[in-house]
Amino acid sequence: EIHVKHLGNKTCLIELQVYTNTNPAETSVRLGGGYIDFGDCTIVQISEKESQAYPPFNSYVGYVTYSIEHTYGKLGSYRVYYRENNRNIIENLYNSAGTVFYLESYFTLSSDLDSYESPIPVSPPLFNVIMDSENSISQAATDVNDNQLSYEITTPKAGIDEYPRYELPVGVSINPYNGLLKWASSSSQTWGEYLFSVKISQWKN
């Protein structure tokens, strides 16, 4: 995820957090080597970084966090994104190992939004599924600006206007009002890692 927090004037704190596979039997790749584009023609390369353990999930899940302060030249709307060439093997994404890993966040920097901050997810965006059962996980977020939030499942991207070949598993849905994601999984589906892309939108009250 990419989180944006307005620090004052035209300076924002941009935080990138990514969950990683740390199983040495499956991958030796570390996050890094990609680029953060701040949306104003400023691009910064991210160095490789060791994952920190994330015990609540399992012993082979870690996470990496980068925090960068960036000052914009003027007020306006910006799309901040991160992309790199490395991605896990994903069952519902064609040629996933050769598909660019991409995240983005779109926000408006305005003089009347001195306390602006992106929605903050309540729980991490990953979960285990039990086959042939109804699975659910909350993708809800909180909003410090007290804006209304809406949720939708979208097609994952490989760039601003680049959409890889992707298939949403049968039985997946999300409640647009509270962010509860459900998957009525089937034993006919392949075991492995699946990808879901959830878009959270803010609506000013």
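The exercises below work through parts of a predicted model, each with a solution in steps.

**Exercise 1. The surroundings of His3**

Task: Determine where His3 lies, whether His3 is buried or exposed, and which residues His3 touches.

Solution:
- Step 1. Find the element. His3 belongs to strand E1, which covers residues 2-8.
- Step 2. Look up the accessibility. The relative accessibility of His3 is 11%. Buried means under 20%, so His3 counts as buried.
- Step 3. List the contacts, leaving out residues up to four places away in sequence. His3 touches Leu13, Ile14 and Glu15, and also Glu117, Ser118, Pro119 and Ile120.
- Step 4. Look for a polar partner. A polar atom of the His3 side chain lies 3.3 Å from the backbone oxygen of Ser118.

**Exercise 2. The sheet that holds E1**

Task: Give the strand order of the open sheet that contains E1 and E2, and say which strands stand at its edges.

Solution:
- Step 1. Write down the order. The sheet has 4 strands in the order E1-E2-E6-E5, and the pairing is antiparallel.
- Step 2. Find the edges. E1 and strand E5 (52-53) each have a single partner strand, so one side of each is left without a neighbour in the sheet.
- Step 3. Examine one pair inside the order. E2 and E6 are joined in the antiparallel sense by 11 bridges.
- Step 4. Pick one bridge as an example. Tyr19 has Tyr63 in E6 as its bridge partner.

**Exercise 3. The sheet that holds E8**

Task: Give the strand order of the open sheet that contains E7 and E8, and describe its edges.

Solution:
- Step 1. Write down the order. This open sheet has 4 strands, E4-E3-E7-E8, paired antiparallel.
- Step 2. Find the edges. Strand E4 (43-45) and strand E8 (101-109) have a single partner strand each, so one side of each lacks a neighbour in the sheet.
- Step 3. Add the angle. On average, neighbouring strands of this sheet are turned by 15 degrees against each other, with direction ignored.
- Step 4. Examine the pair at the E4 end. Strand E3 (residues 35-37) runs antiparallel to E4 and is joined to it by 3 bridges. Asp37 stands opposite Ile43 in E4.

**Exercise 4. Nonpolar cores**

Task: State how many residues the largest nonpolar core has, and which elements give two or more residues to this core.

Solution:
- Step 1. Count the residues. The largest nonpolar core has 20 residues, and those with the most contacts inside it are Ile14, Tyr72, Tyr82 and Phe107.
- Step 2. Assign the elements. Two or more residues come from each of E1, strand E2 (11-21), strand E6 (61-71), strand E7 (76-84) and E8.
- Step 3. Find the main contributor. E2 gives the most to this core, with 4 residues.
- Step 4. Follow one core member. Not counting residues up to four places away in sequence, Phe107 touches Val4, Cys12, Tyr72, Gly76, Ser77, Tyr78, Val80 and Tyr116.
- Step 5. Check for another core. There is a second, separate core of 14 residues, which includes Tyr166, Val172, Leu195 and Phe196.

**Exercise 5. Salt bridges**

Task: Say how many salt bridges the whole structure has, and which residues form a network of salt bridges.

Solution:
- Step 1. Count. The search of the whole structure gives 3 salt bridges.
- Step 2. Take the pair Glu104 and Arg79. Their closest N and O atoms are 3.3 Å apart. Glu104 is in strand E8 and Arg79 is in strand E7, 25 residues apart.
- Step 3. Take the pair Lys157 and Glu104. Their side chains meet at 3.1 Å, N to O. Lys157 is in the loop between E12 and E13, and 53 residues separate it from Glu104.
- Step 4. Join the two pairs. Arg79, Glu104 and Lys157 are linked in a network of salt bridges.
- Step 5. Compare accessibility within the network. Glu104 has a relative accessible area of 30% and is partly exposed. Arg79, at 27%, also counts as partly exposed. Lys157, at 17%, counts as buried.
- Step 6. Take the pair Glu162 and Arg83. Their salt bridge is 3.6 Å from N to O. Glu162 is in the loop between strand E12 (148-154) and strand E13 (172-174), and Arg83 is in strand E7, 79 residues apart. Glu162 is partly exposed at 39% relative accessibility, and Arg83 is partly exposed at 26%.

Methods: Residues numbered from 1 in each chain as written. Predicted model: local features only at pLDDT ≥ 70, side-chain atom pairs only at ≥ 80, totals over all residues. Heavy atoms only, no water. Buried < 20%, exposed > 50% of the residue type's maximum accessible area, 1.4 Å probe, protein only. Polar contact = N/O pair within 3.5 Å; in protein donor to acceptor, adjacent residues only side chain to side chain. Contact = heavy atoms within 4.5 Å. Pairing = 2+ DSSP bridges. Axes fitted to C-alpha atoms, helices over the stretch in contact; angles between N-to-C directions. Core = buried A, V, L, I, M, F, W, Y, C linked by side-chain atoms within 4.5 Å. Salt bridge = Lys/Arg side-chain N within 4 Å of Asp/Glu carboxyl O.
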